Amino acid sequence: MSVEFKCPSCGKKLFSYETRARKYEKIIKNCKKCGAEYADPRCYELALDGIPEDEFGYLQYVLIVALGAFFIWRGIHLLGVYQLGVPSSMQWLMPVVFLGIGVAAIIGAVISMISIKTGAKRRKLEKLLEESKIRMKDPTYKASLRRFGYNVPDDTADFYYN
Ligand SMILES: [Zn+2]
């Protein structure tokens with residue numbers, strides 16, 4: 001589901017996002033119109049939440065491969081039929097688009113599965129976790145997160161991040 005995000009201070013529309021979107025970067029940002037701080041709902045601090053294990057699941061990629069195969073099947077089917085309402089010089093376009101989407105989806109999913117299998121994805125997330133730990137050492141940043149309702153351990157718990 002796509003949702004609009006507006007600046008909580010001035011109401012400017014800042015971006016649209018998919019509710020399942022997830023980014024591992026700085027949560028607190030500044031509105032480009034009024035400069036006020038806001039908490040980006042797409043963003044997570046790995047130092048607070050830990051690395052989510054569902055990042056290493058294969059099922060979503062298996063589904064993408066299946067979807068890609070469906071597109072390829074549709075593309076091959078369309079190659080063999082005359083499409084009504086499409087000029088003859090453009091008959092090739094739809095099948096090629098379908099085949100292209102199918103092949104790209106499968107390649108992308110296979111690359112993702114390989115990066116899970118080889119541990120490359122875990123290493124990448126561990127690097128992001130280290131960056132997150134560095135951000136979480138900043139008392140100003142932690143205070144901002146608390147102001148936006150994030151459950152941040154207090155400063156006496158700093159040893160937790162070291
Ligand atoms: Zn604003």
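These are my notebook entries on a predicted model, covering its domains, a hairpin and one phenylalanine.

**Domains.** I began with the domain assignment. Domain 1 is given as 2–45 + 148–161, and domain 2 as 54–120. I then looked up the separation of the two: the centres of domain 1 and domain 2, taken over C-alpha atoms, are 34 Å apart.

**Hairpin.** Next I looked at strands E1 and E2. E1 covers residues 2–6 and E2 covers residues 13–18. I found the two paired in the antiparallel sense, with five bridges. Together E1 and E2 make a hairpin, and six residues lie between the strands. In the turn I noted Gly11, whose phi is positive at about 85°. For the register I noted that Lys6 has Lys13 of E2 opposite. Is E2 covered or not? I counted zero buried residues among the six of E2, so by the cut-off of 20 or more C-beta neighbours within 10 Å this strand is hardly covered.

**Phe71.** I then turned to helix H2, residues 59–79, where Phe71 lies. Is Phe71 buried or partly exposed? I entered Phe71 as partly exposed because 19 C-beta neighbours lie inside 10 Å, while a buried residue needs 20 or more. Leaving out residues up to four places away in sequence, I listed the contacts of Phe71 as Phe98, Ile101, Gly102 and Ala105.

**Phe71 and Asp49.** Last, I checked one pair by distance. Phe71 and Asp49 are 22 residues apart in sequence. In space I have 37 Å between Phe71 and Asp49, C-alpha to C-alpha.

Terms used. Residues are numbered from 1 along each chain as its sequence is written. This is a predicted model: local features need pLDDT of at least 70, side-chain atom pairs count only at pLDDT 80 or more; totals for chains, interfaces and linings use all residues. Helices (H or I, at least four residues) and strands (E, at least two) are DSSP runs, numbered from the N terminus. A residue is buried if 20 or more other C-beta atoms lie within 10 Å of its own, exposed if 12 or fewer, and partly exposed in between; C-beta atoms are placed from the backbone. Two residues are in contact if their C-beta atoms, placed from the backbone, lie within 7 Å. Two strands pair if DSSP finds at least two bridges between them. Domain bounds come from an automatic or database domain assignment.
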